[in-house]
Amino acid sequence: MGGLISAPLSAAGTCLGGCFGSCLATSCCKLAGSGTVSSVQASRCILIWLQAFITALAVLLASTAEQWLPWTCGKLDIVGMGELGVCECRADSKCWFDQLIYRTEASGVAVFLALVIMSVSGCAEGAARAYSVAKFMAVVVLVLISLFLPNTVWTVFGSWATALSAIYLIAQSIVLIDFGYTWNETWYKNALEANRRQVGSKGYRMWLGGMILSSAALVLGALSMSIYLLVAFQDPSSRAVNVCAMVLSIILLIVSITDWCEHGALLTSAVVMAYTIWLICESLAVSPNETFKLPTWAGLVLCFFSLFSTVIGSGFGGQETPAPQARAAGLMEVEAGEAGSTTTSQPEEASSPRMNRSEAWQFAAFCAIHAAAALYVASSLAARTGPTTYALRVSAIFISLVLYGWSLVAPMVLTNRRF
């Protein structure tokens with residue numbers, strides 16, 4: 001009698017389970033295939049949101065690890081797998097935090113690199129404009145898989161991420177240099193427009209005064225921070241880096257405001273000087289001798305500001321501004337078009353149904369930048385100090401200054417090109 005009752009119930013359960021599993025799989029596939037965008041700018045915005053999602057997921061998992069990992073590891077311990085994957089940390093909250101940061105950010109790096117490979121191998125259309133939801137789902141799936149892999153894998157990733165984050169700091173310098181040029185050009189254009197529209201020169205003086213005050217604030221802030229670091233850190237190498245970098249940035253500032261450098265600007269040089277002191281702090285944060293504690297939120301805000309500025313027009317193929325103003329895009333030797341043709345061609349490009357080769361390579365470059373940004377986020381949230389990492393970050397300081405110096409002299413050296 002029991003068999004007569006249990007058999008139909010078992011069959012019904014199997015049938016319902018199969019139907020539910022099939023329905024769930026179908027729903028997941030449809031969900032993964034959704035989220036199609038139709039413009040280049042929208043595809044870049046998806047990358048920004050994906051980066052923000054990865055960062056938020058990493059912080060959420062790491063900060064709540066003590067609430068869900070002990071129970072999970074306890075259940076695995078019952079079946080003899082209590083040290084599987086992340087459970088190897090046992091009750092070490094610092095280990096849990098770092099490991100979950102590394103696993104989540106590594107999953108993000110894997111997704112961005114996969115998009116790079118797809119973009120350069122002929123699948124740029126699908127990588128950039130289709131399957132937007134699938135990109136977010138892929139991160140979650142990879143994080144779940146990574147939880148079962150040994151901690152040593154992710155410890156190595158953390159060391160490499162902190163070292164290779166210098167690549168992103170250099171890329172970020174290009175974006176901020178271009179932002180400085182854009183800021184200077186926009187405010188100076190507003191000053192000229194105010195002078196043209198008004199009888200007096202009040203509006204003109206206000207815009208110029210704002211440029212001078214902003215420059216002074218950035219320069220004085222950078223110099224004050226440099227002096228503080230000289231006093232606070234006694235290590236000879238850190239002092240040498242501090243002095244050399246600041247002296248070089250001051251030289252570039254002086255050169256940029258001379259008549260010899262027609263394309264230089266005080267405001268842009270002030271932005272570069274402020275970023276230089278930030279890079280010095282970044283190098284001290286991973287110094288093997290004396291460590292400087294940087295506020296994590298500040299690095300993340302600057303990171304996302306730089307990434308967002310690439311969407312709205314600064315650096316790496318963003319919107320162009322009228323010639324003949326020199327731009328940091330000259331670092332990449334990208335020719336700028338006329339203002340009129342720029343405004344007319346951009347809507348056509350944005351609404352183009354198909355991506356051309358240039359757009360595909362630009363999208364691949366953006367994905368590579370986001371992969372480097374994910375490495376930087378991992379290093380900001382769970383940094384690992386060391387001499388190699390310190391040397392690479394010091395190199396990033398001077399490479400960034402060389403890039404800015406090149407943006408000043410490039411229009412005079414490459415006279416046959418238009419920047």
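A residue is called buried under 20% relative accessible area, exposed over 50%, and partly exposed in between. The model on screen is predicted.

Select Glu-193 and Arg-196 to begin. Their side chains meet in a salt bridge, at 2.5 Å from N to O. Glu-193 has a relative accessibility of 28%, so it counts as partly exposed. Arg-196, with a relative accessible area of 60%, is exposed. The two sit 3 residues apart in helix H7 (residues 151-197), which puts about one helical turn between them. In general, residues three or four places apart in an α-helix point the same way, because the helix has 3.6 residues a turn.

Next, select Glu-282 and Arg-393. Here the closest N and O atoms of the salt bridge are 2.7 Å apart. Glu-282 belongs to helix H10 (residues 266-285) and Arg-393 to helix H14 (residues 387-413), so this pair ties together parts 111 residues apart in sequence. Both residues are buried.

Move to helix H5 (residues 124-129), where Glu-125 and Arg-129 are 4 residues apart, about one helical turn. They form a salt bridge with closest N and O atoms at 3.8 Å. Glu-125 is partly exposed at 22%, whereas Arg-129 is buried at 3%. Add Glu-359 to the selection: salt bridges with shared partners join Glu-125, Arg-129 and Glu-359 into one network. The structure holds 5 salt bridges.

Finish with helix H13 (residues 357-381). Its 25 residues should span 36 Å at 1.5 Å a residue, and the end C-alpha atoms are indeed 36 Å apart. Of these residues, 19 are buried. At the start of H13, select Asn-356: one of its side-chain oxygens comes within 3.1 Å of the backbone nitrogen of Ser-358.

Key. Residues are numbered from 1 along each chain as its sequence is written. This is a predicted model: local features need pLDDT of at least 70, side-chain atom pairs count only at pLDDT 80 or more; totals for chains, interfaces and linings use all residues. Side-chain values use heavy atoms; hydrogens and water are left out. The expected span of a helix is 1.5 Å times one less than its number of residues. Buried means under 20% relative accessible area, exposed over 50%, partly exposed in between (1.4 Å probe, protein chains only). A polar contact is a pair of N or O atoms within 3.5 Å; within protein, one must be able to donate a hydrogen and the other to accept it, and residues adjacent in sequence count only if both atoms are side-chain atoms. A salt bridge is a side-chain nitrogen of Lys or Arg within 4 Å of a carboxyl oxygen of Asp or Glu.
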